[in-house]
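This briefing concerns the packing of secondary-structure elements in the model shown below. It is arranged by topic for consultation alongside the coordinates.

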Amino acid sequence: MGKATVFLEFVRTENEAVSPLDRIKNYNEFHIPLSEDKRREQASRCMDCGVPFCQNGRMLCGMMSGCPLNNLVPEWNDLVYHGHKEPALERLLMTNNFPEFTSRVCPALCEKACVCGLNGSPVTTKENENSIIEYGFENGLIQPQIPSVRSGKKVAVIGSGPSGLAAADTLNKRGHNVTVFERSDRAGGLLMYGIPNMKLEKHIIKRRTDLMEAEGVEFRTNTDVGRDISAQEILGSFDAVILACGSSQPRDIKAEGRDADGIYFAVDFLKATTKSLLDSDLTDGKYISAKDKNVVIIGGGDTGNDCVGTAVRHGCKSVVQIEMMPKLPDERAENNPWPQWPRVCKTDYGQEEAIAVFGHDPRIYTSTVKEFIKDENGCLSAVKIVKLDFVTDEASGRKIPKEIEGSEEILPCELCLIAAGFVGCQRYIAEAFGVEIGERGSVKTEKSRFSTNVEKVFTAGDMHIGQSLVVRAIREGRDSAAEADRFLMGYTNL
């Protein structure tokens, strides 16, 4: 695979990013692809490593190592190197329903486990993947694949996020009649309204759902199952049901003054911006504006970073991101060896943009909000934060946060966004179908299974495993489709 000595000849070269001060002027994707020659050069760095950890997709020490989809990374990297894009596309689509999504929003688990990265820089696998799928679309190689034979079985997929779309796409190609129910006005779920446009432009999602419609998948948007249509009606009309509604119950912050006006969940902030952007290019004013406001974001993950980048584009007065955990090391610690996921500090695009605009990193570590301070009208005017120390709990042996007395600090704030993660699925849909909920708020199944306690009802994605990655959700959708297919047909070839 690849060129035997090329990792000694060429260094890793990534797609160039538009400078932060220029890209914040719009909500477009901001990476510029390499030339074809440079892309082949980068693909050639994928060496014949013997054991390709990149496609392993296993949990190591509680973290995923390698691609959960088991993408055939060395094979299509080698084909790109030799200029064989069409066979590369065929190999890529064998394991991944939506490379155009993963090649934009996946944290590149494959690259973190790349053998070439053990003593140097990993292969640009994520960008190579993007070049393959976009070549396919640009050259008319991605065409509707309409099943020649239909099974006569009807499947309802509730939710059109990455797991729901993957399940629907897989089952439709198998020959089943698939209907996807989505409560929002556009299909895509998390992909559409949870991820900002600058990370994943929404015409990319529409391009895929249009293709799926041409292949026979029916999408029913603005339909909230459990409210607009009953679970009993769904169960009576379909031979199998897959619940793929996500882990959409946000974790709240319980602090004094929580009822102040100006406090929102991050998902509502991001969705409102994207919907207004798509509906009117933000001219309708139907979004939560950060313009000229001091913004405080509670949460240090990807969603928090997305809020930083969005607030900067709105024209905020200032932005601060509160992280409960300590700052991670800049390099791997000895107790975090390759090929484990590297627990190192990452400065993402939103933080880069805040640094460019305001001159400093927006993150404040080992801190939490202790109080929301209101003005005389009940509107948020400031937040009181406090520093934390992590001490060992004698009973459990776990590190728990403890406030440091006298470390309080007051930050001006007219808009606070809670990006503290999610605590499971929204209960009304689970209760409507009568499926059991586990301890973490997700739908309960046997280990490595997708069937629930209710006959012919399956589950997949974040609703099943809790808040996770798009790439894992796609794998969940594919695997749940195989289990549902076996239920429907008595066997499966998926």
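The model is predicted. Helices α3 and α8 are oblique to each other, because they pack at an angle of about 130°. Helices α9 and α18 are likewise treated below, followed by the sheet across which α9 lies.

**Packing of α3 and α8**

- Two packed helices are described by the angle between their axes and the distance between the axes.
- For helix α3 (residues 36-43) and helix α8 (residues 125-138), the angle is about 130° and the axes are 10 Å apart.
- The crossing formed by α3 and α8 is left-handed.
- On the α3 side the contact is made by R39, Q42 and A43, and on the α8 side by E127, N128 and S131.
- By class, the residues in the contact of α3 with α8 comprise one nonpolar, three polar and two charged.

**Helix α18 and its end**

- Helix α18 spans residues 470-489 and thus has 20 residues.
- From its first C-alpha to its last, α18 reaches 28 Å, which is close to the 28 Å expected at 1.5 Å a residue.
- G490, just after α18, adopts a positive phi of about 85°.

**Packing of α9 and α18**

- Helix α9 (residues 162-174) packs with α18 at an angle of about 40°, and their axes are 7 Å apart.
- Angles from 35 to 65 degrees fall in the oblique class, and α9 and α18 are therefore oblique to each other.
- The crossing in which α9 passes α18 is right-handed.
- From α9, the contact is made by P162, S163, A166, A167, T170, L171 and R174.
- From α18, the contact is made by V470, A473, I474, G477, R478, S480, A481, D485 and M489.
- The residues of the contact of α9 with α18 divide into nine nonpolar, four polar and three charged.

**The sheet and its relation to α9**

- An open sheet is formed by five strands, in the order β7-β6-β5-β8-β18, with parallel pairing.
- Its edge strands, β7 (218-220) and β18 (457-459), each pair on one side only.
- From one strand to the next, the twist averages 20°.
- Strand β5 (residues 154-158) and strand β8 (residues 240-243) run parallel and are joined by four bridges.
- V157 has I242 of β8 as its bridge partner.
- Helix α9 lies across β5, β6 (177-181), β7 and β8, and runs at about 165° to β6.

Technical notes
Residues numbered from 1 in each chain as written. Predicted model: local features only at pLDDT ≥ 70, side-chain atom pairs only at ≥ 80, totals over all residues. Heavy atoms only, no water. Axes fitted to C-alpha atoms, helices over the stretch in contact; angles between N-to-C directions. Helix = DSSP H or I, 4+ residues; strand = E, 2+ residues; numbered from the N terminus. Parallel < 35°, antiparallel > 145°, perpendicular 65-115°, else oblique. Left-handed = near helix turned anticlockwise from the far one by under 90°. Contact = heavy atoms within 4.5 Å. Nonpolar A, V, L, I, M, F, W, Y, C, P; charged D, E, K, R; others polar. Expected span 1.5 Å × (residues − 1). Pairing = 2+ DSSP bridges.
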